[in-house]
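Please open the model in a viewer and keep the sequence panel visible. The tour below proceeds from the whole chain to single residues.

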Amino acid sequence: MKRLEGKHILITGASKGLGRQLALEFAREGAAALSLVARHADRLYQVREEIRSLSPRTRVLALPADLRHSKAVERVAAATLAEFEGRVDVVVNNASALGPSPMPYLLDYPLEEFRRVLDTNLIAPFLLTRKLVPGMLARGGSIINVTSDAGVTGYPGWGAYGISKFGLEGLSQTWAAELEGTGIRVNWVDPGNLNTDMHRAAEPDGDPAEWADPASVTEAFVYLASDASAPVSGKRFRAQEDWLSVAAADEAKQGTERDSVPAGRE
Ligand SMILES: NC(=O)c1ccc[n+]([C@@H]2O[C@H](COP(=O)([O-])OP(=O)(O)OC[C@H]3O[C@@H](n4cnc5c(N)ncnc54)[C@H](OP(=O)(O)O)[C@@H]3O)[C@@H](O)[C@H]2O)c1
């Protein structure tokens, strides 16, 4: 059996880069339905066509939307729930804005750009999750937020982007804590340096040959979207590094805790 057989999955930022690659891989892994979100309809429809030829059984909903606007986030959640008969099993909050390129220092950072980045990278995942959690309570589910090492270290010049990812890390931890015991798990993944439009804009003088192909980092995401990770929540993963050991350690810990429950307490 494929690992995501029957899953209904929403991915933001699915028109290119990592999000597109996740959509293709999730379809390959048997996802029953995919809701794909990004601003540019043409690129999104192209990904829908790619999935249709790769996995004709996967239902694909392509929703052009600018997630910077709360009304658009609400429309995405409502349209997905309506199309998928109220069932969403997995949400990947992947869409992200870098902000101005070249990246200004905070002293020079335009306020409107700062707000735009936070609206896209932090407020949208908060609101989308809040809209979808009630429908997930009955069956459980998996929320995967895409973070960055700029979300744990304050690099000069990474301004609003890094700060939004610091916020996303806190948002993820808080959701995970508040949803503990509900069957809805929340984890966050740093995909590492990828050869995508975003990274090329962030480091125009860098060597893209040194950055990973997004196709090489999808495994951690498939794991977190699948039932194999059912006991795992509140964890940070690095898709190019130690994600398997984090997963194994957490699964072992859950097993030990289960085994050590005194008789009569289960
Ligand atoms: N690339 C890296 O090296 C790297 C490293 C660490 C973390 N990350 C994280 O990995 C994730 C994917 O990054 P990537 O490199 O694949 O980026 P990317 O190639 O720039 O793709 C970003 C995606 O987000 C969508 N998007 C951007 N703003 C949006 C908005 N306002 N509303 C809806 N969709 C929007 C884009 O589509 P439209 O333009 O059509 O809207 C696109 O589909 C991001 O969360 C990023 O922060 C990337």
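Begin with the protein chain in cartoon representation: its secondary structure amounts to eight helices and seven strands. Please bear in mind throughout that this is a predicted model.

**The whole chain**

With the full chain selected, orient the view along the principal axes; the C-alpha atoms occupy a box of roughly 60 × 40 × 35 Å. The radius of gyration is 18 Å, which agrees with the value near 18 Å for a compact globule of 266 residues. Colouring by burial will mark 44% of the 266 residues as buried. Of the contacts with a separation of 6 or more, 71% join residues 24 or more positions apart.

**The nonpolar core**

Next, select Ala 23, Leu 34 and Leu 36. Within the largest nonpolar core, which has 69 residues, these three touch the most other members. Then add helix α4, residues 111-136, which contributes the most to this core, with seven residues.

Now centre on Leu 36. Which residues is Leu 36 in contact with, leaving aside its neighbours within four places in sequence? They are Ile 11, Ala 14, Ala 23, Leu 44, Val 47, Arg 48, Val 60, Leu 61, Ala 62 and Leu 63.

**Around the ligand**

Move to the ligand and display the 32 residues around it. Gly 13, Gly 17, Arg 39, Ser 96 and Thr 196 come nearest. The elements giving two or more residues to this shell are α1 (17-28), β2 (33-38) and α6 (197-202). Colour the shell by residue class: twelve residues are nonpolar, 13 are polar and seven are charged.

**Two backbone details**

The last stops concern the backbone. As a reference, most peptide bonds are trans, and most residues other than glycine have a negative phi.

Select Ser 101 and Pro 102 and show the backbone atoms. Is the peptide bond between Ser 101 and Pro 102 cis or trans? The bond is cis, with omega near 0°. Pro 102 is placed in the loop between β4 (90-93) and α4.

Finally, select Glu 85, in the loop between α3 (70-83) and β4. Its phi is near 50°, a positive value in a residue other than glycine. Is Glu 85 buried or exposed? Glu 85 counts as exposed because it has 8 C-beta neighbours inside 10 Å, and the cut-off for exposed is 12 or fewer.

How values were computed: Residues are numbered from 1 along each chain as its sequence is written. This is a predicted model: local features need pLDDT of at least 70, side-chain atom pairs count only at pLDDT 80 or more; totals for chains, interfaces and linings use all residues. A nonpolar core is a set of buried Ala, Val, Leu, Ile, Met, Phe, Trp, Tyr and Cys residues joined through C-beta atoms within 7 Å. A residue is buried if 20 or more other C-beta atoms lie within 10 Å of its own, exposed if 12 or fewer, and partly exposed in between; C-beta atoms are placed from the backbone. Helices (H or I, at least four residues) and strands (E, at least two) are DSSP runs, numbered from the N terminus. Two residues are in contact if their C-beta atoms, placed from the backbone, lie within 7 Å. A residue is near a molecule or strand if its C-beta atom, placed from the backbone, lies within 6 Å of it. Ala, Val, Leu, Ile, Met, Phe, Trp, Tyr, Cys and Pro count as nonpolar, Asp, Glu, Lys and Arg as charged, and the others, Gly among them, as polar. The radius of gyration is taken over C-alpha atoms; the globule rule is 2.2 Å times the number of residues to the power 0.38.
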